[in-house]
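Biologist: I've got a new model open and I'd like to learn how to read it feature by feature. Can you walk me through it?

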Amino acid sequence: MAEVMRGDSRPSPRLRNLAPIGATPLPHTDAELERLLTMVRQGLRNGTTVSIGHSRDANSVAAADAFAATWRERGFHVSAVVDWPEDAASWLRQARRLTAGAPDAWVIAAEVAGFVQLSRRLVHSTDWTARRTFAFGSLADPRCGALAGAGVRDGLRGATRDGKGWEVCGGAIVYGAN
């Protein structure tokens, strides 16, 4: 059930009593990282700045760090690297840090539950859009869409562990996307 936030007439995007969704994301693969780097570069066209967000589990941190290091090595800019807990009061601080400075795109390495909560906050409180967001394979999970709500993740793209692409279209995950 939604709650009304103090000073805001809109309901809070926070999902109450969201049980843990599943296992910690698997470690990223070289194929997954390379495909994600290619997808982001192609998706940005002329842009070069990304903001990276990740859960606090070791595999999400490692994936975010690997993306940031390789992105910088290729001469591009990382405007922020933001982490978040799987459970928080509102995720507002993290959402604002992730979107500060208007990056050209966002890259996400995360567990399902925390990203669902954060994505709801991003839509509710910032200019974030899933269409400019790229993710590691852990978020190619159909439970994300059901929990996040209609349209929240439409356009989100990412890479699978075997280096293939995926995209959220109409709430469904389509594999083989560019």
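**Reading the fold, feature by feature**

Modeller: Happy to. The protein has 5 helices and 7 strands. Keep in mind as we go that this is a predicted model.

Biologist: In what pattern do they follow each other along the sequence?

Modeller: Reading along the sequence, you get α-β-α-β-α-β-α-β-α-β-β-β. As for burial, 51% of the 178 residues count as buried. And take the contacts between residues at least 6 apart in sequence: 69% of them join residues at least 24 apart.

Biologist: Let's do helix packing. At what angle do α1 and α2 pack?

Modeller: For packing, look at the angle, the axis distance and the handedness, then at who touches whom. Here helix α1 (residues 30–44) and helix α2 (residues 58–73) pack at about 55°, and their axes are 11 Å apart. The two helices are therefore oblique to each other. The crossing of α1 past α2 is right-handed.

Biologist: And which residues of α1 and α2 meet?

Modeller: From α1 you have L33, L36, L37, V40, R41 and L44, and they meet A66, F67, T70 and W71 of α2. Sorted by class, that contact has 8 nonpolar, 1 polar and 1 charged residues.

Biologist: T70 caught my eye. Is T70 buried or exposed?

Modeller: T70 sits in helix α2, and its relative accessible area is 15%, so it is buried. Leaving out residues up to four places away in sequence, T70 touches L33 and L37.

Biologist: What about the other helix pair, α3 and α4: how do their axes cross?

Modeller: Helix α3 (residues 92–99) and α4 have axes that come within 9 Å and cross at roughly 70°. That makes α3 roughly perpendicular to α4. This crossing is right-handed. On the α3 side the contact uses L92, Q94, A95, L98 and T99, and on the α4 side L118, R121, L122 and S125. By class, that gives 5 nonpolar, 3 polar and 1 charged residues.

Biologist: Now the aromatics. How do I describe a pair of rings?

Modeller: A pair of aromatic rings is described by the distance of the centres and the angle of the planes. A search of the whole structure turns up 3 aromatic pairs. Take F67 and W71: their ring centres are 5.5 Å apart and their planes are at 20°, so the pair is stacked. Both residues lie in helix α2, 4 residues apart, which is about one turn of the helix. F67 is buried, and so is W71.

Biologist: W71 also pairs with F76. How far apart are the ring centres of W71 and F76, and at what angle are the planes?

Modeller: The centres of W71 and F76 are 4.5 Å apart with the planes at 40°, so that pair is tilted. F76 is buried, as is W71. Put together, F67, W71 and F76 form one aromatic cluster.

Biologist: Loops next. Where does A130 lie, and what is A130 in contact with?

Modeller: With a loop residue, place it first, then check burial and the partners beyond its sequence neighbours. A130 lies in the loop between α4 (112–125) and β4 (133–135). Its relative accessibility is 3%, so A130 counts as buried. Setting aside neighbours within four places in sequence, A130 is in contact with V152, R153, D154, G155 and L156. C-alpha to C-alpha, A130 and R153 are 5.4 Å apart in space, with their positions 23 residues apart in sequence.

Biologist: And T160: which residues does T160 touch?

Modeller: T160 is in the loop between β5 (157–159) and β6 (165–169). T160 is buried too, with a relative accessible area of 13%. Not counting residues up to four places away in sequence, T160 touches E32, G137, W166 and Y175.

Biologist: Last one: backbone angles. What sign of phi do most residues other than glycine have?

Modeller: Most residues other than glycine have a negative phi. R45 is not a glycine, yet its phi is positive, about 55°. R45 is in the loop between α1 and β1 (49–55), and with a relative accessible area of 67% R45 is exposed.

Biologist: What is the phi of A102, and where is the place of A102?

Modeller: A102 has a positive phi of about 50°, although it is not a glycine. The place of A102 is in the loop between α3 and β3 (105–109). At 53% relative accessibility, A102 counts as exposed.

Notes. Residues numbered from 1 in each chain as written. Predicted model: local features only at pLDDT ≥ 70, side-chain atom pairs only at ≥ 80, totals over all residues. Heavy atoms only, no water. Axes fitted to C-alpha atoms, helices over the stretch in contact; angles between N-to-C directions. Parallel < 35°, antiparallel > 145°, perpendicular 65-115°, else oblique. Left-handed = near helix turned anticlockwise from the far one by under 90°. Contact = heavy atoms within 4.5 Å. Nonpolar A, V, L, I, M, F, W, Y, C, P; charged D, E, K, R; others polar. Buried < 20%, exposed > 50% of the residue type's maximum accessible area, 1.4 Å probe, protein only. Phe/Tyr/Trp six-rings, centres within 6.5 Å; stacked < 30°, edge-to-face > 60°.
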